[in-house]
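Hi,

Here is the structure I promised to pass on to you. Have a look at it first, and then read on for my notes on what turned up.

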Amino acid sequence: MDSASAFAPQPAPNPVAPARRMLASDPQFATLLTEVIDALPANIAVLDREANIVSTNRRWREFARFEGLASGSDGIGLNYLEVCDQAVGDDAESAHEAAAGVRSVLSGNAPSFALEYSCHSPIERRWFQMTVTSLGTGGPHGVDGAIVVHSDISKYMRADEVLAE
């Protein structure tokens with residue numbers, strides 16, 4: 001090695017690569033990753049590049065059951081954009097805005113998108129913050145899409161209402 005190449009800039013190591021290798025080769029690591037995602041206090045769905053739901057966490061599935069979606073339905077296989085585009089009624093405007101944000105992330109025009117929206121039920125007033133983040137350009141399992149996180153922000157919105165009175 002000559003002295004010039006010794007000082008040439010070296011590519012930065014990919015911090016995700018070791019985790020991807022562990023996920024591919026270690027079933028215990030895959031189980032741990034699933035348990036970590038299930039433990040997060042938000043409703044989470046993973047979308048492929050066409051916006052099909054390919055994975056959901058426990059909170060997502062519990063919310064789906066609570067909302068009375070088809071028995072056992074966790075949304076896997078549904079197209080997130082189609083569901084948003086077909087929304088009607090009071091929440092249609094937010095759903096269409098969410099679809100536009102998901103499209104912007106999946107198309108690569110934005111690395112992420114966030115939206116606060118109401119999602120009231122007959123028994124309670126509630127709000128969520130939706131955050132969509134790109135998963136990049138593929139990996140050992142062909143993951144190329146986005147992660148959608150719906151965090152319950154109801155207590156903050158109710159506090160704002162009280163303060164506004």
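**What I found**

Starting at the N terminus, the elements of the chain follow the order α-α-α-β-β-α-α-α-β-β-β-α. That comes to seven helices and five strands. Please keep in mind that this is a predicted model.

Some overall values to begin with. The chain has 165 residues, of which 27% count as buried. About 10700 Å² of the chain is exposed, and carbon and sulfur atoms supply 58% of that area. If you take the contacts between residues at least 6 apart in sequence, 40% of them join residues at least 24 apart.

Helix H6 is a good place to start looking. This helix covers residues 92–106, 15 residues in total, and spans 21 Å from its first C-alpha to its last, close to the 21 Å expected at 1.5 Å a residue. Its buried residues are Ala92, Ala95, Ala98, Ala99, Gly101, Val102 and Val105. What do the buried residues of H6 pack against? Their partners are strand E1 (43–48), helix H5 (80–85), strand E3 (112–118), strand E4 (127–134) and strand E5 (145–152). Just after H6, Gly108 has a positive phi of about 90°.

Strand E3 is also where you will find Glu116. Leaving aside residues up to four places away in sequence, Glu116 touches Phe128, Gln129, Ile153 and Met157. Glu116 and Met130 are 14 residues apart in sequence, and their C-alpha atoms are 6.2 Å apart in space.

Now to the charged pairs. Side chains of opposite charge can pair when their charged atoms come close. The count here comes to four salt bridges, and these three are among them:

- Asp38 and Arg61 meet through their side chains at 3.6 Å, N to O. Asp38 sits in helix H3 and Arg61 in helix H4 (residues 58–66), so this salt bridge ties together parts that are 23 residues apart in sequence. Asp38 is buried, with a relative accessible area of 13%, whereas Arg61 is partly exposed at 24%.
- Arg49 and Asp144 form a salt bridge at 3.0 Å, N to O. Because Arg49 belongs to the loop between E1 and strand E2 (53–56) and Asp144 to the loop between E4 and E5, the pair ties together parts that are 95 residues apart in sequence. Arg49 is partly exposed, at 48% relative accessibility.
- Glu161 and Arg125 form a salt bridge at 2.6 Å, N to O. Glu161 lies in helix H7 (residues 154–164) and Arg125 in the loop between E3 and E4, so parts that are 36 residues apart in sequence are tied together. Glu161 is partly exposed at 32% relative accessibility, and Arg125 is partly exposed at 43%.

You may also wonder about the cysteines. How many disulfides does a search of the whole structure find? The search finds zero. Cys84 is buried, with a relative accessible area of 8%, and Cys119 is buried as well, at 17%.

One last item is on the surface. Leu33, Ile37 and Leu40 make a nonpolar surface patch of about 200 Å². Leu33 lies in helix H3, which covers residues 27–39. Why does Leu33 count as partly exposed? Its relative accessibility is 34%, and partly exposed runs between the cut-offs of 20% and 50%.

Best wishes

Conventions: Residues numbered from 1 in each chain as written. Predicted model: local features only at pLDDT ≥ 70, side-chain atom pairs only at ≥ 80, totals over all residues. Heavy atoms only, no water. Patch = residues over 30% accessible without salt bridge, like charges linked within 9 Å, V, L, I, M, F, W, Y side chains within 5 Å. Areas by Shrake-Rupley, 256 points an atom, 1.4 Å probe, with all protein chains shown as cover. Helix = DSSP H or I, 4+ residues; strand = E, 2+ residues; numbered from the N terminus. Buried < 20%, exposed > 50% of the residue type's maximum accessible area, 1.4 Å probe, protein only. Expected span 1.5 Å × (residues − 1). Contact = heavy atoms within 4.5 Å. Disulfide = S-S within 2.5 Å.
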